[in-house]
Amino acid sequence: MNKKQIKLLCVDDPDKFKAVIWNKMRMETPSDIDKRWLVYRFKHMERVADISYQLLLLYISEYKKCEKKYNSKKTKISKSEYHQIKEMIKDGALTSVIFLGLIHDIYKFRETNKMEHGDLASQFFMNYCKNNKLKMTG
């Protein structure tokens with residue numbers, strides 16, 4: 001995580017924050033999984049958080065260009081994307097994409113034929129929001 005991401009997450013100690021994610025992932029991983037796979041997966045999660053953050057910054061940049069020239073045909077985003085990005089900015093999307101990038105594979109090694117790891121991570125996120133009294137909208 002870079003300094004700006006750490007600031008957005010309001011994390012005093014990024015290593016402690018990463019440790020929380022790491023420990024949750026270890027708790028959800030069967031004991032027969034080699035630790036190297038855990039390290040590899042965690043580094044992947046960090047990269048996804050960083051790439052998601054960078055992509056959202058690009059979308060926001062296009063959004064800002066479109067604000068003044070909304071009806072211009074030169075814009076690279078559609079009308080619906082424009083409104084989605086507007087809502088995402090209002091709802092603090094920068095923080096969310098970093099957090100979601102970091103948690104998206106917590107359950108990777110718990111995946112079964114009946115339940116995919118993305119569904120498990122989604123349930124974790126909904127419970128996290130509920131437990132921390134964060135509104136889920138849209």
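# Burial, core and crossing in a six-helix model

Colleague: Which residues does His 117 touch, not counting those up to four places away in sequence?

Modeller: His 117 touches His 104, Asp 105, Tyr 107, Lys 108 and Glu 111. Keep in mind that this is a predicted model.

Colleague: Where is His 117 found, and why is His 117 called buried?

Modeller: His 117 is found in helix α6. Its relative accessible area is 16%. Buried means under 20%, so His 117 counts as buried.

Colleague: What makes Glu 28 count as buried?

Modeller: The relative accessibility of Glu 28 is 17%. The limit is under 20%, so Glu 28 counts as buried. Glu 28 is placed in the loop between α2 and α3. Leaving aside neighbours within four places in sequence, Glu 28 is in contact with Ile 106, Tyr 107 and Arg 110.

Colleague: And Ser 96: why is Ser 96 called partly exposed?

Modeller: Ser 96 has a relative accessible area of 29%. Buried needs under 20% and exposed needs over 50%. The value for Ser 96 falls in between, so Ser 96 is partly exposed. Ser 96 lies in helix α5.

Colleague: How far apart are Ser 96 and Ala 49, in sequence and in space?

Modeller: They are 47 residues apart in sequence. In space they are 9.5 Å apart, C-alpha to C-alpha.

Colleague: Why are α5 and α6 called oblique?

Modeller: Their axes cross at roughly 130°. Roughly perpendicular covers 65 to 115 degrees, and roughly antiparallel needs over 145. The angle of roughly 130° fits neither class, so α5 and α6 are oblique to each other.

Colleague: How close do these axes come, and what is the hand of the crossing?

Modeller: The axes of α5 and α6 come within 10 Å. The crossing is right-handed.

Colleague: Which residues meet between α5 and α6?

Modeller: From α5, Phe 99, Leu 100 and Ile 103. They meet Ala 121, Phe 124, Phe 125 and Tyr 128 in α6.

Colleague: How many residues are in the largest nonpolar core, and which have the most contacts inside it?

Modeller: This core has 29 residues. Ile 21, Met 25, Ile 103 and Ile 106 have the most contacts inside it. At least two core residues come from each of α2 (14-27), α3 (35-68), α4 (79-90), α5 (93-103) and α6 (117-131). The most come from α3, with nine residues.

Colleague: What is Ile 21 in contact with, leaving aside neighbours within four places in sequence?

Modeller: Ile 21 is in contact with Phe 42, Met 45, Leu 102, Ile 103 and Ile 106.

Colleague: How many helices and strands does the protein have?

Modeller: Six helices and zero strands. From the N terminus on, the elements run α-α-α-α-α-α.

Colleague: What share of the protein is buried, and how much area is exposed?

Modeller: Of the 138 residues, 30% are buried. The protein exposes about 10,000 Å². Carbon and sulfur atoms supply 54% of that area.

Colleague: Among contacts between residues at least 6 apart in sequence, what share joins residues at least 24 apart?

Modeller: The share is 59%.

Key:
Residues are numbered from 1 along each chain as its sequence is written. This is a predicted model: local features need pLDDT of at least 70, side-chain atom pairs count only at pLDDT 80 or more; totals for chains, interfaces and linings use all residues. Side-chain values use heavy atoms; hydrogens and water are left out. A nonpolar core is a set of buried Ala, Val, Leu, Ile, Met, Phe, Trp, Tyr and Cys residues joined through side-chain atoms within 4.5 Å. Buried means under 20% relative accessible area, exposed over 50%, partly exposed in between (1.4 Å probe, protein chains only). Helices (H or I, at least four residues) and strands (E, at least two) are DSSP runs, numbered from the N terminus. Contact means heavy atoms within 4.5 Å. Accessible areas come from the Shrake-Rupley method with a 1.4 Å probe; for residues, only the protein chains shown count as cover. Axes are lines fitted to C-alpha atoms, for helices over the stretch in contact, and angles run from 0 to 180 degrees between N-to-C directions. Angles under 35 degrees count as roughly parallel, over 145 as roughly antiparallel, 65 to 115 as roughly perpendicular and the rest as oblique. A crossing is left-handed if the near helix is turned anticlockwise from the far one by less than a right angle, and right-handed if clockwise.
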